[in-house]
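Please read the following walk through a single protein chain with its sequence and coordinates open beside the text. The account goes from the whole chain to its parts.

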Amino acid sequence: MKPQSYEAVIGSGLLSSAAQEVVAALGHASSRGQCFVVTAPPVRKHWEKELLESLKKAEIKFHVLEMRDGERHKNLSTVEDLAAQMVKLGADRGSFVIALGGGVVGDVSGMLASIYMRGIHYVQLPTTFLAQVDASVGGKTGVNLASGKNLLGTFHQPRLVLADTATLETLPEREYRSGLYEALKCGVIRNAAIFEFMEKERDRVLTRDPEVLEWLITECIRVKAEVVEADERENDLRRILNFGHTIGHALEAETSYRYFLHGEAVAWGMVAASMIAAAMQKTSPATAQRIIASVLAYAPLPKVEVRSKNIARRILSDKKTTNGVAHFVLPSEIGKVQISSDVPQKAVLQAVDELRYLSRA
Ligand SMILES: NC(=O)c1ccc[n+]([C@@H]2O[C@H](COP(=O)([O-])OP(=O)(O)OC[C@H]3O[C@@H](n4cnc5c(N)ncnc54)[C@H](O)[C@@H]3O)[C@@H](O)[C@H]2O)c1
Ligand SMILES: [Zn+2]
């Protein structure tokens, strides 16, 4: 089944006219149904006002539902709690959800919308760089179980993604940098222009120049949307989005998700994958070095202090590993990657050793 198409609108100051976009995307549904804005305290504090004013002006009936902040609360009980509040407030099949926040709020809201009365519409208003370039696009929703991340989830496409780059002004520096690595990833896997831009214009990127943000986010969304569209249900092409994630996920899991931010772990994962690609002669040493240098240019990164053996073991238990075969996304050249299922364990061990070594520098 072809996914329903929807628009991604990107620009600075869009929140204050968000309601108009919502009306355009939802049509009648927006005037008849109640709107449930799901958000978390740090976002609410800075950005709720603009959105709510816009909804009021458009005469959309709304309620704000606050969830607790952070990955720890991305779970079924949060979804259940939000759903219970919706029932109390009279939400029906004509109601819709607006997610105002980072990837956590987005994933929880998407999951909520996908199962509330068997599915209602939702809109993503992502407020972190990571959510703007990645989490809000593609229609994956999900929550964590105590035994692992994103183990429960659904596919449910939002009706609209509206990325207001102005919201990034209040994003903590470390969160911002962490998201940038996903953009760098988009460059390596499919769009050399993104990579080259981030390589040359580091300072403008780091100062969050609005023009730069708009361009970068638009290009990254294009990469993700193209890949996802070509492969809606996680078959082969979608795998390329996992560049840096095989080792990245293992690093996150090995440190109990409390040490690296997701993008930081992916950054080390991209460094490791580049080393592996060079060692296996799937790319030139110069290309590998170029990717590694670009990653490190956006440092600082938390040091890697884990045992290589543990990382290799974790890779085999990752949910993306099927029948004991781990798939690595390895760079071929900038903008082009290949999937490899024959990476020897030794190459993984060596790469993680190297990460530890680089961390000491
Ligand atoms: N569905 C997908 O396809 C997909 C893809 C990638 C990641 N994800 C998920 O996204 C989640 C990570 O998302 P994230 O990195 O956005 O983290 P997050 O949602 O936890 O946000 C990070 C922190 O920044 C705060 N924040 C958000 N916007 C802010 C703003 N504008 N100003 C100030 N503070 C702000 C948040 O409240 C939070 O404290 C993970 O759970 C991951 O699994 C999902
Ligand atoms: Zn990621």
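The paragraphs below take up the overall fold, the domains, the core, two helices, the ligand shell and a few backbone details in turn.

What is shown here is a predicted model, and every value quoted for it is computed from the model's atoms. The chain contains 15 helices and ten strands, and its C-alpha trace extends over about 60 × 40 × 35 Å along the principal axes. For 361 residues a compact globule would be expected to have a radius of gyration near 21 Å, and because the chain has 20 Å, the two agree. Of these 361 residues, 48% count as buried. If one takes the contacts between residues at least 6 apart in sequence, 77% of them join residues at least 24 apart.

The chain is divided into two parts, domain 1 covering residues 7-170 and domain 2 covering residues 173-360. Their C-alpha centres are 27 Å apart, and the contact between them draws on 18 residues from domain 1 and 22 residues from domain 2. On the side of domain 1 that touches domain 2, strand S1 (7-11), H6 and strand S7 (148-155) each supply at least two residues, with H6 giving the largest share, namely five residues. Sorted by class, this side of domain 1 consists of eight nonpolar, seven polar and three charged residues.

A related question is where the largest nonpolar core lies with respect to the two domains. Both domain 1 (7-170) and domain 2 (173-360) give residues to this core, so it lies between them. The core has 110 residues, of which Val38, Val97, Trp268, Ala272, Ala273 and Ile276 touch the most other members. Helix H12 provides the largest share of the core, with twelve residues.

Helix H12 spans residues 262-279, and Met275 has its place there. Is Met275 buried or exposed? Met275 is buried, because 25 other C-beta atoms lie within 10 Å, where 20 or more are needed for a residue to count as buried. When residues up to four places away in sequence are left out, Met275 touches Ala288, Ala351 and Glu354. For the first of these partners, Ala288, the separation from Met275 is 13 residues in sequence and 6.3 Å in space, taken from C-alpha to C-alpha. Ala272, which is among the core residues that touch the most other members, is in contact with Ile247, Ala351, Val352 and Leu355, again leaving aside neighbours within four places in sequence. Ala351 thus appears among the contacts of Met275 and also among those of Ala272.

Helix H11, made up of residues 245-254, is mostly covered, with nine of its ten residues buried. The buried ones are His245, Thr246, Ile247, Gly248, His249, Ala250, Leu251, Glu252 and Glu254, and they pack against H12, helix H14 (308-317) and strand S9 (328-333). Ile247, one of these buried residues, is also one of the contacts of Ala272. After H11 comes Ser256, whose phi is positive, near 55 degrees.

The shell around ligand 1 can be read in a similar way. There are 28 residues around ligand 1, and those that come nearest are Gly102, Gly103, Val104, Thr128 and Ala135. Helix H3 (41-57), helix H5 (103-115) and helix H6 (129-135) are the elements that give two or more residues to this shell. By class, the shell divides into nine nonpolar, twelve polar and seven charged residues. Helix H6 therefore deserves a second look, as an element that contributes to the shell around ligand 1 and to the side of domain 1 that touches domain 2.Some backbone details remain to be placed. Tyr257 lies in the loop between H11 and H12, and its phi is near 60 degrees, a positive value in a residue other than glycine. Tyr257 counts as partly exposed, because it has 16 C-beta neighbours inside 10 Å. Met117, found in the loop between H5 and strand S5 (121-126), likewise has a positive phi, near 45 degrees. With 14 C-beta neighbours inside 10 Å, Met117 also counts as partly exposed. Finally, the peptide bond that joins Ala299 and Pro300 is cis, with omega about 15 degrees, and Pro300 is found in the loop between helix H13 (285-297) and H14.

Methods:
Residues numbered from 1 in each chain as written. Chains lettered and ligands numbered in written order. Predicted model: local features only at pLDDT ≥ 70, side-chain atom pairs only at ≥ 80, totals over all residues. Helix = DSSP H or I, 4+ residues; strand = E, 2+ residues; numbered from the N terminus. Buried ≥ 20, exposed ≤ 12 C-beta atoms within 10 Å, placed from the backbone. Contact = placed C-beta atoms within 7 Å. Near = placed C-beta within 6 Å. Nonpolar A, V, L, I, M, F, W, Y, C, P; charged D, E, K, R; others polar. Rg over C-alpha atoms; globule rule 2.2 N^0.38 Å. Domains from an automatic or database assignment. Core = buried A, V, L, I, M, F, W, Y, C linked by C-beta atoms within 7 Å.
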